[in-house]
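Me: I'm new to this structure and would like some help reading it. Could we go through it one feature at a time?

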Amino acid sequence: MSNRIITPVAEFEDLLPDDYKDLINNGPFFEKKSIEDLGSFKEIIDDHPHCAGCGVALGIRLVAAALPSPEDTLIVGTPGCSFFGLSQTALNYSTTAFGNQNAVASGLKRMLKIRYPERTKDVVVVVGDGGIADIGLDLTLHSWFRGEKISTIMVDNEVYGNTGGQESGMSRQGKVLNMAPNGKLFPKLPIFDMAKISGCVYAARVTVASPAKVGMTVRKAIFLAREVGPTYVQIYTPCPTNLKFPPNQTLNIAKEAEKDYYSYEELMTPEAKDYLENNLK
Ligand SMILES: Cc1ncc(C[n+]2csc(CCOP(=O)(O)OP(=O)(O)O)c2C)c(N)n1
Ligand SMILES: [Mg+2]
């Protein structure tokens with residue numbers, strides 16, 4: 001995992017697919033490109049296999065564009081809608097058994113530290129709300145308790161999208177879903193608040209309606225996880241298919257949520273604040 005691996009051998013350059021050549025020449029790997037430059041470079045995620053208007057697809061596209069060192073990043077996922085897009089990107093990607101992502105990511109981060117002591121390797125978990133708030137909750141919390149230097153990013157579509165619409169811990173109270181016909185009985189779980197009391201040095205809550213904020217929070221989370229401790233970003237990525245709104249309304253739904261229950265919030269420890277002030281110009 002160094003630039004050498006994605007740099008084609010000169011003799012074979014002509015034989016490579018145009019898409020690959022384009023990624024090497026115009027992608028985000030060698031020159032620093034970020035979310036502000038979207039549209040001006042070849043992206044890691046070009047197409048996606050998700051439903052029209054999918055908030056998760058937009059969420060993972062923004063995360064990919066915000067990675068500070070894509071060539072030295074390992075994304076860890078788990079079953080869910082995000083998995084479809086992420087596994088097709090030009091990134092190092094590892095999937096896990098559902099819910100195990102933070103345990104696997106902890107091990108991978110430790111292994112990479114031993115294997116590449118001189119290089120910074122970012123391990124970033126990108127997983128749905130069900131993967132984090134339900135089946136993976138225990139493993140997520142314990143990775144935070146242990147102070148594992150990984151970033152956890154939740155793409156929160158407030159439902160088990162991938163399996164047809166069961167309620168998740170992050171679904172809203174009263175919400176009727178395909179497989180929750182009576183409406184959800186309990187409110188959204190406060191994972192964002194739990195992150196701050198469970199060892200995360202940084203936690204942010206954003207929506208896909210604010211791309212610059214997504215980019216900024218993801219970058220901060222990844223920088224802080226290198227040196228300071230575990231970090232968490234929760235991104236609202238509304239699902240037209242299961243939340244039953246027209247696919248061209250995704251950004252409006254996210255915008256409305258921002259004004260209501262999904263307001264932008266960023267929390268960090270004094271150590272994290274110091275680190276950012278001294279290292280992130
Ligand atoms: C151990 C295990 N239990 C259940 C499943 C079935 N399963 C696959 S994805 C999923 C829900 C995913 O929901 P979420 O994490 O919110 O992601 P989304 O699809 O909404 O993006 C479930 C229950 C599984 N693959 N493995
Ligand atoms: Mg979900």
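Reply: Gladly! Let's begin with burial: a residue is buried if 20 or more other C-beta atoms lie within 10 Å of its own. Please keep in mind that this is a predicted model. In strand β4 (residues 151–156), Ser151, Ile153 and Val155 on one side and Thr152, Met154 and Asp156 on the other are all buried.

Me: Why do the residues of a strand fall on two sides?

Reply: In a regular strand the side chains alternate between the two faces of the sheet. For β4, both faces are covered. Six of the six residues of β4 are buried, so the strand is largely enclosed by the rest of the structure.

Me: How many residues of β3 are buried, and which way do they point?

Reply: Seven of the seven residues in β3 are buried, leaving this strand mostly covered. Asp122, Val124, Val126 and Gly128 point one way, while Val123, Val125 and Val127 point the other way.

Me: What order do the strands of the sheet follow?

Reply: Read across the sheet, the order is β2-β1-β3-β4-β6-β5-β7. That makes an open sheet of seven strands with mixed pairing. β2 (92–94) and β7 (265–268) stand at the edges, each with a single partner strand, so one side of each has no neighbour in the sheet. On average, neighbouring strands are turned by 20 degrees against each other, direction ignored.

Me: Which residues stand opposite each other in the sheet, and how many bridges join the strands?

Reply: Let's walk from β1 towards β5, one pair at a time.
- β1 and β3 run parallel and are joined by four bridges; isoleucine 75 stands opposite valine 124 in β3.
- Between β3 (residues 122–128) and β4 there are five bridges, again with the strands parallel. Valine 125 faces threonine 152 in β4, and valine 127 has methionine 154 as its bridge partner there.
- β4 and β6 (residues 231–236) run parallel, with six bridges joining them. Aspartate 156 has tyrosine 236 in β6 as its bridge partner.
- β5 (residues 202–207) pairs with β6 in the parallel sense over six bridges, and tyrosine 202 stands opposite threonine 231 in β6.

Me: Which strands does helix α5 lie across?

Reply: Helix α5 (residues 101–115) lies across β1 (73–76), β2, β3 and β4. Relative to β3, the helix runs at about 170 degrees.

Me: And how should I read the packing of two helices, such as α9 and α12?

Reply: Two packed helices are described by the angle between their axes and the distance between the axes. Here, helix α9 (residues 211–227) packs against helix α12 (residues 270–279) at an angle of about 105 degrees, and their axes are 10 Å apart. Angles of 65 to 115 degrees count as roughly perpendicular, and α9 and α12 are therefore roughly perpendicular to each other. At their contact, Lys220, Phe223, Leu224 and Glu227 in α9 meet Ala272, Tyr275, Leu276 and Asn279 in α12. By class, this contact has five nonpolar, one polar and two charged residues.

Me: Could we try single residues? Is proline 211 buried or exposed?

Reply: Proline 211 is in helix α9. It is buried, because 20 other C-beta atoms lie within 10 Å. Leaving aside its neighbours within four places in sequence, proline 211 is in contact with Ile35 and Leu62.

Me: How does glutamate 256 compare with the cut-offs for burial?

Reply: Glutamate 256 is found in helix α11 (residues 250–259). With 15 C-beta neighbours inside 10 Å, glutamate 256 counts as partly exposed. Glutamate 256 and alanine 209 are 47 residues apart in sequence, and their C-alpha atoms are 9.2 Å apart in space.

Me: Last one: which residues come nearest to ligand 1?

Reply: Of the 18 residues around ligand 1, those that come nearest are Gly80, Phe98, Gly128, Gly130 and Asn162. The elements giving two or more residues to this shell are α4 (81–86) and α6 (129–135). α6 gives the most, with three residues. Sorted by class, the shell has seven nonpolar, 10 polar and one charged residues. You can also tie this back to the sheet: Gly128, among the residues that come nearest to ligand 1, is one of the buried residues of β3.

Note on methods: Residues numbered from 1 in each chain as written. Chains lettered and ligands numbered in written order. Predicted model: local features only at pLDDT ≥ 70, side-chain atom pairs only at ≥ 80, totals over all residues. Near = placed C-beta within 6 Å. Nonpolar A, V, L, I, M, F, W, Y, C, P; charged D, E, K, R; others polar. Axes fitted to C-alpha atoms, helices over the stretch in contact; angles between N-to-C directions. Parallel < 35°, antiparallel > 145°, perpendicular 65-115°, else oblique. Contact = placed C-beta atoms within 7 Å. Buried ≥ 20, exposed ≤ 12 C-beta atoms within 10 Å, placed from the backbone. Pairing = 2+ DSSP bridges.
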